[in-house]
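User: I would like to go through this model by question and answer. Please keep the replies short and end each one on the result.

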Amino acid sequence: MNEAARLTRAHKRFGRTVALAGLDLAIRPGEVLALLGPNGAGKTTAVSLLLGLLAPDRGSARLFGRDPRSPAARTRCGAMLQVSRVPETLRVREHVHLVASYYPRPLPVDQTLALAGLQEIAQRPYGELSGGQRQRLMFALALAGGPDLLFLDEPTVGLDLESRRGLWQAIRDLAGRGRTVLLTTHHLEEADALADRIVVLARGRSVAEGTPAAIKARAAGRRIRCVTALAAEDVARLPGVHRAERDGAATEILAAEAEPVVRELLARDPSLADLEVTGARLEEAFLALTADPVQPTDLEEDAA
Amino acid sequence: MSATATTTRSPASPLPIAAEPPRRTPRQLATIYALEARYEMLKVLRLPMFAVPTLAFPLVFYCLFGLAFRGGGPGGTPMAVYLLATYGAFGVIGAALFGFGVNVAMERGQGWMLLKRATPMPPGAYFAAKTAVALLFSMLIVIGLFTLGATLGGVRLPTDTWIGLALSLVAGAVPFCAFGLALGYLAGPNSAPAVINLLYLPMAFASGLWLPVEALPGWMQQIAPWLPAYYLAQLGLGALGLPVRVSAGAAVAALAAFTVISLAIARLGYRRDHGRTYG
């Protein structure tokens, strides 16, 4: 099968924290793939393994069929990483020029600046840029080399709405030119706006995968919290309820839809009090929805 | 390279997996090294916090101790001559330690290094650029000191003595580039300047870079041979034809050993970074 990049049963731990617990992930040529998940789900670790910045403890990472650390693989990738700050005294254009020079077939510097919307501030030193402008420069550095595959790790984190939409448009433009994009995000909305396919990560595993429409339908869970005399086990058996458990005096319920469950609860327990309904956090929604907690990949040693 | 690599398979998809990327020509590689050095230089020159003290301190100290005191140094050598070697050593060591140590520590901390590692940048370009900048600063310091010495200090030396001293000093920056690199990997981004100052200033004093080593207390003279800066100062004094405590050969050997040890430490740090978590 033709793949731009792949993780096979990748495990990675940092001290006692398990970042990846046997993740399988394939990026297909030409697609925009979103890795969606809460903080700590393993998104950044997955990107780091694919870029060869970290080595997996077990399993393998391949980039264009090669070791991600090989220069041959790297010349075809660009990356926007979360932690990067660049020297403050160099100007926007100088940064783009330098990074572009590392690649055999870079985009012309002016084109990169235009794609990232940086023409007007090309002569400004990094130290004088606003947060949104810095983020756009990081995006420009990712695409300066004319890569076939872009890694965008939380590209819009910390951006205001306008900057976010601007960056979304730039990412769409790139995808329209046939570039492959892997982006990580903890916003379903962002994944929905950009991706052809979404892989949901939680605790270092893939817990769901599908088109944005399919993922959205599954993620539309609600969290209900109330003080009730009903036993949590009974509540858990109500139709539409995924999970119910006691949390101090209150009972916490995860359900696909709130209204039928609330109606049923009130019918059974007129003394019910302190009712709250909120959107389920993504992780909860997906953990609740993944019926089978057994991860077969855990039990097998990788063949690589 | 032969011309047989011209057969390309036709791409079956927008991302042919097996396609060989074009190999870098020596010329492209040279371009990368040159650009990296140029931008490293611009970066540093635009940072007065680094450029000004690095260039000014050795010159100001030389004026204070070498020119203001018109007295004689050890063996009746004019201080203006003697201190050319030792403040030269002081200057190039500072340029190397701070240029490498602080920058490497900071760029590791900021993730700039990580971002570069995600690109196909040849790692050598990064280190070569920093070495080039340290050598450039060393040259500027040496030129500045020589100008002060020859004009205000009235120092007259044969041309080959000037050249010999200049070469010893500039080449003497290299071991301290290696040491700075090691410190850049050991120290955190915020502690690096403090750590380097705490090593650099006492070492400079005890090695006889500020005052002739003969003028130091006895116990300090005992420590001096354990300090790498001492050997660079001795090398410089030897180049001036002044009496030295260590032969040029022994000084070069000591500095070479110091370079190897520093590079080994830097290498450990570099490796450690590869397995490190971040963010």
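User: How do the residues that line the second largest pocket divide into nonpolar, polar and charged?

Analyst: This is a predicted model. The second largest pocket holds about 570 Å³ of space. Its lining takes in 29 residues. They divide into 17 nonpolar, eight polar and four charged.

User: Which residues of that lining are the closest to the centre of the second largest pocket?

Analyst: The lining of the second largest pocket has 29 residues in total. Five of them are the closest to the centre. They are Met49(B), Phe50(B), Thr54(B), Phe98(B) and Val102(B).

User: Which helix gives the most to the lining of the second largest pocket?

Analyst: Four helices of chain B each supply at least two residues of this lining: α1, α2 (48–68), α3 and α7 (192–206). One of them gives the most, with ten residues. That helix is α3(B).

User: Where does Arg108(B) lie, and is Arg108(B) buried or exposed?

Analyst: Arg108(B) sits in helix α3, residues 79–110 of chain B. Its relative accessible area is 16%. The cut-off for burial is under 20%. Because 16% falls under that cut-off, Arg108(B) is buried.

User: Which backbone atom does the side chain of Arg108(B) reach at 3.4 Å?

Analyst: A polar contact needs a pair of N or O atoms within 3.5 Å. The side chain of Arg108(B) has a partner at 3.4 Å. That partner is the backbone oxygen of Ala187(B).

User: How much space lies in the largest cavity?

Analyst: A cavity is closed to the probe, whereas a pocket is open. The count comes to four cavities of 30 Å³ or more. The largest cavity holds about 70 Å³.

User: Which helix gives the most to the lining of the largest cavity?

Analyst: The lining draws on chain A through Pro87(A), Leu90(A) and Leu98(A). In chain B, α1 (26–45), α4 (112–117) and α5 (123–151) each supply at least two residues. Among the lining residues of chain B are Glu36(B), Tyr39(B), Glu40(B) and Lys43(B). With four residues, the helix that gives the most is α1(B).

User: How many residues of the lining of the largest cavity are charged?

Analyst: Glu107(B), Lys116(B) and Lys130(B) are among the lining residues. Glu and Lys count as charged. The lining has six nonpolar residues and no polar ones. The charged residues number six.

User: Is Thr228(A) buried or exposed?

Analyst: Thr228(A) lies in the loop between β10 (222–227) and α9 (232–236) of chain A. Its relative accessibility is 7%. Burial means under 20%. Because of that 7%, Thr228(A) counts as buried.

User: Which side chain does the side chain of Thr228(A) join in a polar contact of 2.5 Å?

Analyst: The side chain of Thr228(A) also reaches the backbone nitrogen of Leu230(A) at 3.0 Å. Leaving aside neighbours within four places in sequence, Thr228(A) is in contact with Arg246(A), Thr251(A), Asp269(A) and Leu272(A). The 2.5 Å polar contact is with the side chain of Asp269(A).

User: What percentage of the residues of chain B count as buried?

Analyst: Chain B has ten helices and zero strands. The accessible surface of chain B comes to about 12900 Å², and 71% of it belongs to carbon and sulfur atoms. Of its 279 residues, the buried part is 49%.

Methods. Residues numbered from 1 in each chain as written. Chains lettered and ligands numbered in written order. Predicted model: local features only at pLDDT ≥ 70, side-chain atom pairs only at ≥ 80, totals over all residues. Heavy atoms only, no water. Buried < 20%, exposed > 50% of the residue type's maximum accessible area, 1.4 Å probe, protein only. Areas by Shrake-Rupley, 256 points an atom, 1.4 Å probe, with all protein chains shown as cover. Polar contact = N/O pair within 3.5 Å; in protein donor to acceptor, adjacent residues only side chain to side chain. Contact = heavy atoms within 4.5 Å. 1 Å grid on protein atoms, 1.4 Å probe; cavity = no way out; pocket = protein on both sides within 12 Å on 5 of 7 lines; lining within 4 Å. Points joined across faces, edges and corners; volume = space filled by probe spheres on them.
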